[in-house]
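Me: Hi! Could you pick one small part of this model and go through it closely for me? Please link it to its surroundings as you go.

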Amino acid sequence: MEVFFWGVRGSIPTPGKSFAVYGGNTSCVEVRVNNHVLIFDMGSGIKNLGDSLLQRKINNFDIFLSHFHYDHTCGLPFFKPAFNSDVNFNIRSGRKDMKKVLGDQISSPSFPITLKEFKANIKYDNFKVGDIITIKDNIKIFTLSLNHPDGAVGYRLEYDNKSVSYITDHEHEENVKNEKLINFITNSDLLIYDSTYKDEEFENYKGWGHSTWQEGVRLSNYSKIKKYAIFHHNPDNKDNVMKEIEEEANLTSNNIMVAKEGMSVKI
Ligand SMILES: [Zn+2]
Ligand SMILES: [Zn+2]
């Protein structure tokens, strides 16, 4: 199993020199399990992933959506495989009205095309949050409801005794041990976690639906996480700030990394 980070930024893409090291594209993570591709979120990072899938001639895959905020869906109309009639994929989410919500995002006068323009065979599959989804080769996907405005779903992928947890966007409650989340992610080989803020500034952002990198450290300790990837970077945090966070995080443990666009992790 290998995890590729195509988009690691939160809220809005941040192009430009000051963001070049950690990356400016919004949430999109690819997990390759044997020959199967799973994609978590369709932020602006999915544009480059789409080009790579076509190049690699990968015509079947599964997309899992955490939620429908623009930073997690804005890449879909620029995802070239969606316009290729040889391609088949599922988009899965915890909303029954997924197709309507995506259709409203991609329609006049906000956008010049509609979902009807897609030529790929796309299935819009909704699940009940809490369901366990099994796909090819007995890959299991567990789902959990997160604390975020309009809701969000956290995922845990398990295959052959290996696991990756994808937990974004989520706001924690200060000084509360979230047993449900701790159990859900327990013993993950990789935890990808919403680390938009620092503990020191969290007070100013209560109710915004995000967490802190230090909360990710606490969860990692409770859950015996093997590797924790700081993710969904604050769009205000230029490379110099991200580097400071990385240095501080590395002092707390050897098992922390800051997700960078273009990075991959073998599990
Ligand atoms: Zn987000
Ligand atoms: Zn969100």
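Reply:
**A close look at Asn138 and its surroundings**

Asn138 is exposed, because 9 other C-beta atoms lie within 10 Å of its own and a residue counts as exposed at 12 or fewer. Please keep in mind that this is a predicted model. Asn138 sits in the loop between β7 and β8, and its phi is near 60 degrees, which is a positive value in a residue other than glycine.

The strands on either side of that loop make a hairpin, with three residues between them. Asp137 is in this turn as well, with a positive phi of about 55 degrees. Strand β7 covers residues 132-135 and strand β8 covers residues 139-146; they run antiparallel and are joined by four bridges. If you would like a register mark for the pairing, Thr134 stands opposite Lys140 in β8.

Now follow β8 onward to its next partner. Strand β9, residues 152-159, pairs with β8 in the antiparallel sense, this time over seven bridges. Here Ile141 stands opposite Leu157 in β9. β8 and β9 also form a hairpin, with five residues between them, and Asp150 in that turn has a positive phi of about 70 degrees. Beyond β9 comes another backbone detail of this kind: Asp160, found in the loop between β9 and β10, has a positive phi of about 50 degrees although it is not a glycine. Asp160 is exposed too, because 12 other C-beta atoms lie within 10 Å and the class takes 12 or fewer.

β9 also leads us inward. The largest nonpolar core has 60 residues, of which Val29, Leu191, Ile192 and Ile230 touch the most other members. Among the elements, β9 gives the most to this core, with five residues.

Where does Ile230 make its contacts? Leaving aside residues up to four places away in sequence, Ile230 touches Ser195, Trp213, Gly216, Ile245, Ala249, Ile256, Val258 and Ala259. Trp213 and Gly216 belong to the buried residues of helix α6 (residues 213-223), along with Glu215, Val217, Leu219 and Ser220. Those buried α6 residues pack against α4, β11 (190-194), β12 (228-231), α7 (239-252) and β13 (256-258). After α6 comes Lys224, which has a positive phi near 55 degrees.

Coming back out along the chain from β9, the loop between β10 and α4 deserves a visit. Asp169 lies in this loop and is joined to Thr168 by a cis peptide bond, with omega about -5 degrees. Another cis peptide bond links Ser108 and Pro109, with omega about 0 degrees; Pro109 is in the loop between α3 (98-105) and β6 (121-126).

The β10-α4 loop, between residues 162-167 and 179-185, also holds Glu174. Glu174 has 11 other C-beta atoms within 10 Å, so it is exposed. Its C-alpha is 9.8 Å from that of Lys206, although the two are 32 residues apart in sequence. For a contrasting pair, take Gly16 and Phe89: they are 73 residues apart along the chain, and their C-alpha atoms are separated by 32 Å. Gly16 is in the loop between β1 (2-7) and β2 (28-33), and it counts as exposed because it has 9 C-beta neighbours inside 10 Å.

Finally, here is the whole protein around our hairpin. There are seven helices and 14 strands. The radius of gyration is 17 Å, close to the 18 Å that the globule rule gives for 267 residues, so the protein is as compact as a globular protein of that length. Its C-alpha trace spans about 50 × 40 × 30 Å along the principal axes. Buried residues account for 45% of the 267 residues. Of the contacts between residues at least 6 apart in sequence, 68% join residues at least 24 apart.

To return to your close-up, keep these points in view: Asn138 is an exposed residue with a positive phi, in the turn of a β7-β8 hairpin, and β8 in turn pairs with β9, the strand that gives the most residues to the largest nonpolar core.

Methods
Residues numbered from 1 in each chain as written. Chains lettered and ligands numbered in written order. Predicted model: local features only at pLDDT ≥ 70, side-chain atom pairs only at ≥ 80, totals over all residues. Pairing = 2+ DSSP bridges. Helix = DSSP H or I, 4+ residues; strand = E, 2+ residues; numbered from the N terminus. Rg over C-alpha atoms; globule rule 2.2 N^0.38 Å. Buried ≥ 20, exposed ≤ 12 C-beta atoms within 10 Å, placed from the backbone. Contact = placed C-beta atoms within 7 Å. Core = buried A, V, L, I, M, F, W, Y, C linked by C-beta atoms within 7 Å.
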